[in-house]
Amino acid sequence: METVDSVLSALEEDLRTTWVPDALGHVDASKLVESAIRTGLGDSLGTVERLAVPKPDGSSLTAPVLSLRASAWLHSAVQPLKPAVDAALAPGVCGYRFGAEAGLSYSSEHRRFQQFAKGEAEGAGFVVIADVAKFFRGSSWTVVLDSVDRLVGGKASTSELNEFARSAERSGLNHLPAGYADARFLSNVVLSATDELIPNSFARWVDDYRIFVDTEDEAATAVESLQVGLRTAGLSLNAAKLRVIPASLFPTMKGVPLESVYHPEVESAEDVRSSLRSVFWNAASDPTANRRSIRFVLPRLAEQRDDVAVDWALAVLPQMPWEAPRICSYLAAFVNAEVSASVERQLIGALETKSTWTATRLSALAATAGVSKSAANVIAEAMKSVRSPALWSLLLRSLSLSGHSTEVHQVVSRGVTDPRGALAALRDIDADDSFLDQTNLLPTREALAAGPAPAPVTDSIL
């Protein structure tokens, strides 16, 4: 069994990329993991919230929001498998060969995938670009467990994963949960049989393939091999994303390497500012097409305390909900009266339209920026129809951290959707919380004994 510190270190990236900001800023993370290790991880996943995450094409991804206990249990369940899986995977599998691990960086892992692919393309004639359709939703636990048995085998090493899978199914989670490092590790296992059928060198990032061939005929053969392997697992290619391009064009697909424009350690502040603003204005002309540039430049503008994008960010957020994590993270660096007023207006609008995804990000920002008395009244009333425990907690803390004790009491008196969030909010306003469950909330109570929970974290690398 791993220690509390080792589990938290391994899950650090998952905590930074949560689908929903934690209402308590993960103040009780160590206590929750300690309790889970002490009493046993493998019991129940509990209720798994589903969140509709908007995509630029107008569709949405249904993301399962796992509790920290569930993430820790999945991590524990796959730990025994990792050495054998890493040894069995093809060299072209570039990300999450060991799942969640200390020091893991999504950006550095993906950069390794890009560099590996670029190197392989130099000796090829064509590159097949392929993506698996609805991969996580299509990877049932039966497929996952069969894939693990095929690659690793041994009931002793997979028994805990079997228990996790059965518990997940009882909680309504019938497939791999997208967005978690250890689930990406299992995705590598699921696709390993397909990898073995590809007759050419390839690079793969989770379910994203790059296959390197000499001729277009070889490309067709590689695609057919890929389709055969995927069909065996009950999966298929995303036909809309399948492309075959000359290898000579492959290095230019992503445009200018963005890292080349940002060197604050060696360049003057003026040069850094000029370079970042140039990237921003170019990207802002078509932010959907230039999504990669937007995601690169916003956190760096925030780091440099450059508010050039504030007005733009406030204006485009309603039309670009898929960028809500990055935009709200950027705006958190420039909170003022104008930003606060716009945030609370947009938050109320998101509640009115039941846009839970956007509302979670805006409520986390509002907890830092503050909400006015008039907005607090509207938010408290709107919370009558909020069914998401995560959003309910974030909204309640936006009220409590803004000092609106009357509204907090009003909301809690109607019923508690999430006891953990209620406990933190009641502590914020120095209210009696003894009526809340004493047993299940013990780790959080212990964590809050030293002081109130911090505001929800708005920083995001999603």
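Trainee: Why are helix 19 and helix 21 called roughly parallel to each other?

Mentor: Helix 19 (residues 389-400) and helix 21 (residues 419-428) pack at an angle of about 0 degrees, their axes 9 Å apart. Angles under 35 degrees count as roughly parallel, over 145 as roughly antiparallel, 65 to 115 as roughly perpendicular and the rest as oblique, so the two helices are roughly parallel. Axes here are lines fitted to C-alpha atoms, for helices over the stretch in contact, and angles run from 0 to 180 degrees between N-to-C directions. Helices (H or I, at least four residues) and strands (E, at least two) are DSSP runs, numbered from the N terminus. Keep in mind that this is a predicted model, where local features need pLDDT of at least 70 and side-chain atom pairs count only at pLDDT 80 or more, while totals for chains, interfaces and linings use all residues. Residues are numbered from 1 along each chain as its sequence is written, and side-chain values use heavy atoms, with hydrogens and water left out.

Trainee: What makes strand 5 mostly covered?

Mentor: Six of the six residues of strand 5 (residues 208-213) are buried, meaning under 20% relative accessible area (exposed is over 50%, partly exposed in between; 1.4 Å probe, protein chains only). Both faces are covered, with Asp208, Arg210 and Phe212 on one side and Tyr209, Ile211 and Val213 on the other.

Trainee: How do you know that strand 3 and strand 5 pair?

Mentor: Two strands pair if DSSP finds at least two bridges between them. Strand 3 (residues 126-131) has six bridges to strand 5, and they run antiparallel. Within this pair, aspartate 131 stands opposite aspartate 208, and valine 127 faces phenylalanine 212. Strand 4 (residues 202-205) also pairs with strand 5 in the antiparallel sense, over four bridges.

Trainee: What makes strand 4 and strand 6 the edges of the sheet?

Mentor: The open sheet has four strands in the order 4-5-3-6, with antiparallel pairing. Strand 4 and strand 6 (243-246) each have a single partner strand, so one side of each is left without a neighbour in the sheet.

Trainee: Why is the span of helix 13 called close to the expected one?

Mentor: The expected span is 1.5 Å times one less than the number of residues. Helix 13 (residues 291-303) has 13 residues and reaches 19 Å from first C-alpha to last, close to the 18 Å expected. Its buried residues include Phe296 and Leu301. The buried residues of helix 13 pack against helix 12 (269-284), helix 14 (310-316) and helix 15 (324-331), where contact means heavy atoms within 4.5 Å.
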